[in-house]
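Student: I should like to learn how to read the contacts in a protein–DNA model. May we go through them in turn?

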Protein chains: 2
Amino acid sequence: MAGTSTKPGTPGDQAAPGTIVGPQRELLDQILDKWGQLLLTSLCQQPRRFNELKREIDGITQKSLTQALRRLERNGLVERQVLEQRPIAVEYRITPLGRTLDKPFLTLLAWTADHLAEVEQHRDAYDADNR
Amino acid sequence: MAGTSTKPGTPGDQAAPGTIVGPQRELLDQILDKWGQLLLTSLCQQPRRFNELKREIDGITQKSLTQALRRLERNGLVERQVLEQRPIAVEYRITPLGRTLDKPFLTLLAWTADHLAEVEQHRDAYDADNR
DNA sequence: CAGCATCCAACTGGATACTG
DNA sequence: CAGTATCCAGTTGGATGCTG
């Protein structure tokens, strides 16, 4: 909604270049959340069954797991395969598209690894001032 | 908290390698959210005043803006400078640490740019099936 | 101008019970 | 096993009014 009228004479009113907005922002929200990231990383290793994931992720409820898996499946990052067995068995697998997230994830992981200590120092300093 | 005891013999029970958990996950949550990302990108261009940001970001409320700025400041990504003027003026600037987020952000932006169309096709297919 | 404080509606996510 | 459905407490975030 913002910046649709690119009115000249009002510089600095539009979004900055490199800003992630709109559909791209929404997409990131669907992928970068806690459970989505954990599930994708887990499934990158090997296919898993529903309850395997539930046990592995630790802390996730069945409701959240279902929702997260559906969202990933809808975006084409994860595939759902119903195995013909009794009782019923379902397998979730990463898709080639899902695998392309590996690089962005590793970049983020590297950033946190590189700067977490520094961030924590800033936090301590900030909290000390506002004590 | 999970996976602290890397017990052999229970394969698949720990978090997958590359998984972002704990303090690192929490840090990403503080930075990658909608307002945080928009603010950091904006401030990467030039310093801004409080109401400048409020006007530019478009959609953010004063409360959310204050909260987001405080959070970024606490993590050492943004600096708050009170200018000696009347009426009071406050300037927010990106820190060197904040600038190091440029590369991760660009990686994410590149990923969404590269794959958004494909994701949207998957969504359409998924929604068509479940109609 | 740059906030803080408060109220409240909407959404999120956990716990629980039930089904093919 | 792999879910769906429901209830409900806690959190989020917008709107509003006030201050130095």
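Student: How many nonpolar, polar and charged residues has the surface near DNA strand D?

Tutor: A residue is near a strand if one of its heavy atoms lies within 4 Å of it. Ala, Val, Leu, Ile, Met, Phe, Trp, Tyr, Cys and Pro count as nonpolar, Asp, Glu, Lys and Arg as charged, and the others, Gly among them, as polar. Here the surface near DNA strand D has six nonpolar, five polar and five charged residues. This is a predicted model, in which local features need pLDDT of at least 70 and side-chain atom pairs count only at pLDDT 80 or more, while totals for chains, interfaces and linings use all residues. Residues are numbered from 1 along each chain as its sequence is written, chains are lettered from A and ligands numbered from 1 in the order in which they are written, and side-chain values use heavy atoms, leaving out hydrogens and water.

Student: Which residues are the closest to DNA strand D?

Tutor: Of the 16 residues that surround DNA strand D, the closest are Arg49(A), Gln62(A), Arg80(A), Tyr92(A) and Lys63(B). Sugar and phosphate make up 69% of the strand D atoms that come within 4 Å of the protein.

Student: Which secondary-structure element gives the most to the surface near DNA strand D?

Tutor: Helices (H or I, at least four residues) and strands (E, at least two) are DSSP runs, numbered from the N terminus. H4(A) gives the most, with four residues.

Student: Which phosphate contact does a side chain of chain B make?

Tutor: A polar contact is a pair of N or O atoms within 3.5 Å; within protein, one must be able to donate a hydrogen and the other to accept it, and residues adjacent in sequence count only if both atoms are side-chain atoms. A polar side-chain atom of Ser64(B) lies 2.8 Å from a phosphate oxygen of DNA strand D. From chain A, a backbone N or O atom of Asn51(A) is 3.0 Å from a phosphate oxygen of that strand, and a polar backbone atom of Val90(A) is 3.2 Å from one.

Student: How many salt bridges are there between chain B and chain A?

Tutor: A salt bridge is a side-chain nitrogen of Lys or Arg within 4 Å of a carboxyl oxygen of Asp or Glu. The count is two; one of them joins Asp127(A) to Arg74(B), with the closest N and O atoms 2.5 Å apart. On the side of chain B that touches chain A, H6(B) provides the largest share, 18 residues.
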